[in-house]
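Let's take a walk through a protein chain together. Keep the sequence and the 3D view open while you read.

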Amino acid sequence: MDDSVIIVGGGLSGLRAASLLHSQGIKCAVLEAQDRIGGRVLSVEVEDKPELGKFDLGPTWYWPRYESAMNRLVEELGLATFEQFNDGRVLLERSINELPEQHNLSSDAMEYSRRFIGGAQSLIDALAATLPPDAIHLNTRVISIHHQNNDRVMVQTNAGDFYGNSVIIALPPRVAEQNITFWPELPANVKTNLMNKPTWMANQAKVIAVYEKPFWRDHGLSGFASSWVGPLQEIHDASPSPDSGALFGFFSLPSEMRLNMGQEQLLELVVEQLTRLFGPFSKNTKAILYKDWSTDTNIAVNEDAAPLQYFPNYGPILDGDRVQHIYFAGTETAYGQGGHLEGALQSAERVASEVIKQLS
């Protein structure tokens, strides 16, 4: 198969780069190892209950005040969004033996953020719709990338070989370094830089308790809670609409402890904590959705197991973004907003611009 640009990874960064290239008449192929597009964007429905809405097990919000690339794309694609619900009192859990504290926050205490109607997956699907139907290749795992003597690149996959003028790798840097063989080998400093970019979300897990309605709002609560007890350290209202309720939380437990405990026991502790915080109705879940990103080998490698103790020093893998005809994109390579959806977009736009310049 012969395409001008081969993009490895069908997440937000890869799809945005493909859309920009396609808009300039540049043919491209997006190779995605999984059976779905989106990468760390994952919006799901409750089985047999689609009327409850879609829920984000990956990125949830964006912040319009600071994220200009996302603002432009939302307008460009005509996406429908709504404001994150933060009205009402917040809860602070200091001890399992004490009632949670309730506090009123000023209106500007929580940064204004928005969510996507239909979940963040609606952003992914809208980008995919800008591409030709045959541009995206699912279940296509890249094995090796060969730079050929005629300044062409061959990408070997489990589904056949692809040839192009350039390759954009839009994977977590550590995944790319460990899972893809490069011929010739990447320079030592590039391999080091790839491994020095911790994968955002790779040691995290997210849980969503789905309810018939957001009952906490009736009691003047925002759904936001912070806990020193756990297992969830931070909880937010994740309701997709006023007619369907959901609370989601981030865990304080490291990935190894979550795995040793097992999902069943872990989710029992989650319901116990929500009951302590929001009352007995918290037990009446319609479903509990769970995703442990540390077990996803398309996202996490062994080096990602340790919790991040500081915000990583993200940014381009190397000056000029490329080694020969191989470019690196993704949220871990963004100059700003690394780890966020905004970072993925900024990186994709920067690299797409470089590829367009090279090909012209």
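To begin, a bit of vocabulary: a residue is called buried when its relative accessible area is under 20%, exposed when that area is over 50%, and partly exposed in between, using a 1.4 Å probe and counting protein chains only. Keep in mind that this is a predicted model, where local features need pLDDT of at least 70 and side-chain atom pairs count only at pLDDT 80 or more, while totals for chains, interfaces and linings use all residues. Residues are numbered from 1 along each chain as its sequence is written, and side-chain values use heavy atoms, leaving out hydrogens and water.

Now for the overall picture. You'll find 8 helices and 21 strands in the chain; these are DSSP runs numbered from the N terminus, with helices (H or I) of at least four residues and strands (E) of at least two. The C-alpha trace spans about 70 × 40 × 40 Å along its principal axes. Of the 360 residues, 55% count as buried. Look at contacts (heavy atoms within 4.5 Å) between residues at least 6 apart in sequence: 70% of them join residues at least 24 apart.

Next up, charges. Side chains of opposite charge can pair when their charged atoms come close. A salt bridge here is a side-chain nitrogen of Lys or Arg within 4 Å of a carboxyl oxygen of Asp or Glu, and the structure holds 15 of them.

Try Glu332 and Arg40, whose side chains meet in a salt bridge at 2.6 Å, N to O. Glu332 sits in the loop between strand E21 (326–328) and helix H8 (341–359), and Arg40 in the loop between strand E2 (28–31) and strand E3 (43–45), so this pair ties together parts 292 residues apart in sequence. Are these partners buried or exposed? Glu332 counts as buried because its relative accessibility is 0%, and Arg40, at 15%, counts as buried too.

Compare that with Glu111 and Arg65, a salt bridge whose closest N and O atoms are 3.4 Å apart. Here Glu111 is partly exposed at 27%, while Arg65 counts as exposed because its relative accessibility is 57%.

Another pair is Glu101 and Arg94, with 2.5 Å from N to O. Glu101 is partly exposed at 27%, and so is Arg94, at 39%. Elsewhere, salt bridges that share partners join Arg16, Arg72, Glu76 and Glu349 into one network.
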